[in-house]
Amino acid sequence: MQFSSPLSKIVSIVTAFLVLISTLMAITPPSRVTAQVKNVIYMIGDGMGENHLEKTKAETGVNLVMETFPLRGKAKTYAFGGITTDSAAGGTALATGEKTINGCIGVYPTDPLALNGYPISLTEYAISIGKKTGIVTTDSTGGATPAAFSAHTSSRSSNDEIARQQVESAIDLIWGKSAGVYDEPTTQGYGRKYISTLSQMNELTANDKSYGQFTSDMWAESIIASDTPTLTQMTVKAIELLDNDEEGFFLMVEGAHIDKHSHSNNASDMMLSLIEFDNAIAAALDFAERDGETLVIVTADHETGKITFNGSTYEYESTSHSSADVPLFVFGCNSFINQDEVINNTQVAVFTARAMGAAPEDFPKKAA
Ligand SMILES: [Zn+2]
């Protein structure tokens, strides 16, 4: 690249400015989290903005369980050097406490090939302190959100590489729609049970490491009458399997179809998917209330569809992601945020790590 031309100079100055601004905006203030929890259930409604909740309540009359949580705030979602984020950079921020470039999974924006290390995820932090871990999604297991909690790669479309890192990882359970990379024999070769039906999921026992590769399109309507678990069934079973260790567990749960149906502005299916996600939240909350040592976080990686109130109804204004702040609900740690506080999505990850007992030097952290 020629740095002598005026255009190149402008580009490099603008780039340096964006890096500086992103860095300043991503600085995490000291955490005020004082409680320490045993278990974490970290729930991500992909594409779920504030007005997805408002539209669903207004048009279906449901009361959302997530809105009964004692603490509510919002999270900022912008990517490194950008105004809006994709699920790769958004998931990375929620998983590692670091902003990155759109398209990247669990790597630093200045070192996307991870030549000098990568930021550890909450999953990896939890494993390092002896917790059991799980990832549950209605997306492909190779989707950007589950990948951000289980892999490190410069491209979200590296499906084979993401699957390899997942089956080789110490993560106890990884369940979602089939990524189409590993079949039963190859999965067993990695010491993991391969499951592809609800019946097989229900037969798993606590010491099994598993890889769930369900074949139906995993959302409310299409799995009726098929032997495929709902998001709520997966959440309940995952908690049952993981809750058998003195050190506790970290479980990430993603409701993927709020985003997918928002890209096509399919409001009725989006609302069904949001209610399905809220049902899974109800299951997590039920466990957390009985357990008494569990933090439940509900948030989103970004808003999809720019849903806007026009004076009488909530309507889509876009088929893309927007930069709107997303909801954040907290159960089980009253020092996590102040009521109605707006924090950065990176802080959601950092404060969650603090709640698991991480000191500042433990998280965010570069893997050696
Ligand atoms: Zn999307």
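Trainee: Just after H3, which residue takes a positive phi of about 80°?
Mentor: Keep in mind that this is a predicted model, where local features need pLDDT of at least 70 and side-chain atom pairs count only at pLDDT 80 or more, while totals for chains, interfaces and linings use all residues. Numbering runs from 1 along each chain as its sequence is written, and side-chain values use heavy atoms, with hydrogens and water left out. Helices (H or I, at least four residues) and strands (E, at least two) are DSSP runs, numbered from the N terminus. Go just past the end of H3 and the residue with that positive phi is Gly97.

Trainee: How many residues of helix H3 (residues 87–96) are buried?
Mentor: Buried means under 20% relative accessible area, exposed over 50% and partly exposed in between, using a 1.4 Å probe and protein chains only. Among the buried residues of H3 are Ser87, Gly90, Thr92 and Leu94. The helix is largely enclosed by the rest of the structure, because the buried count is ten of ten.

Trainee: And at the start of H3, which residue's side-chain oxygen reaches the backbone nitrogen of Ala88?
Mentor: That one is a polar contact: a pair of N or O atoms within 3.5 Å, where within protein one must be able to donate a hydrogen and the other to accept it, and residues adjacent in sequence count only if both atoms are side-chain atoms. The oxygen comes to within 3.2 Å of the Ala88 nitrogen. Its owner is Asp86.

Trainee: Where else does a side chain reach a backbone nitrogen, starting from Ser140?
Mentor: Ser140 sits in strand E4 (residues 132–140). With 17% relative accessibility, Ser140 counts as buried. At 2.9 Å, its side chain reaches the backbone nitrogen of Gly142.

Trainee: On to the metal: which residues coordinate the zinc ion?
Mentor: Donors are N, O and S atoms within 2.8 Å of the metal (3.2 Å for Na, K and Ca), and since water is not among the atoms, sites may look incomplete. The distances here run from 2.1 to 2.4 Å, with two OD entries from one aspartate and an NE2 from each histidine. In sequence the spacing is D-x3-H-x57-H. The residues are Asp259, His263 and His321.

Trainee: Is the zinc arrangement tetrahedral or irregular?
Mentor: Four donors count as tetrahedral if all angles lie between 85 and 135 degrees; four count as square planar and six as octahedral if opposite donors are over 155 degrees apart and all others between 65 and 115; anything else is irregular. The four donor atoms subtend angles of 56 to 153°, which makes the arrangement irregular.

Trainee: Which helix holds both Asp259 and His263?
Mentor: The two are four residues apart, about one turn of the helix. An α-helix has 3.6 residues a turn, so residues three or four places apart point the same way. Asp259 is buried at 10%, whereas His263 is partly exposed at 31%. Both lie in residues 257–263, helix H10.

Trainee: Which residue in the loop between H10 and helix H11 (267–291) has a positive phi?
Mentor: Phi is near 55° there, a positive value in a residue other than glycine. With a relative accessible area of 31%, the residue is partly exposed. It's Asn265.

Trainee: What is the phi of Lys306?
Mentor: Lys306 belongs to the loop between strand E10 (303–304) and strand E11 (308–309). It is partly exposed, at 45% relative accessibility. Its phi, again positive in a residue other than glycine, is near 45°.

Trainee: What is omega for the cis peptide bond joining Phe363 and Pro364?
Mentor: Find Pro364 in the loop between helix H12 (345–355) and strand E16 (366–367). H12 itself is mostly covered, with eleven of its eleven residues buried, and Gly357 just after it takes a positive phi of about 100°. For the cis bond, omega is about -5°.

Trainee: How much space lies in the largest cavity?
Mentor: On a 1 Å grid over the protein atoms alone, a cavity is a set of points where a 1.4 Å probe fits but cannot get out, and lining residues have an atom within 4 Å of a point. Grid points are joined across faces, edges and corners, and a volume is the space filled by probe spheres set on the points. The lining includes Lys132, Asp172, Thr205 and Leu242. The structure holds one cavity of 30 Å³ or more, and the largest cavity has about 40 Å³.

Terms used. On a 1 Å grid over the protein atoms alone, a cavity is a set of points where a 1.4 Å probe fits but cannot get out, and a pocket is an open set with protein on both sides within 12 Å along at least five of seven lines; lining residues have an atom within 4 Å of a point.
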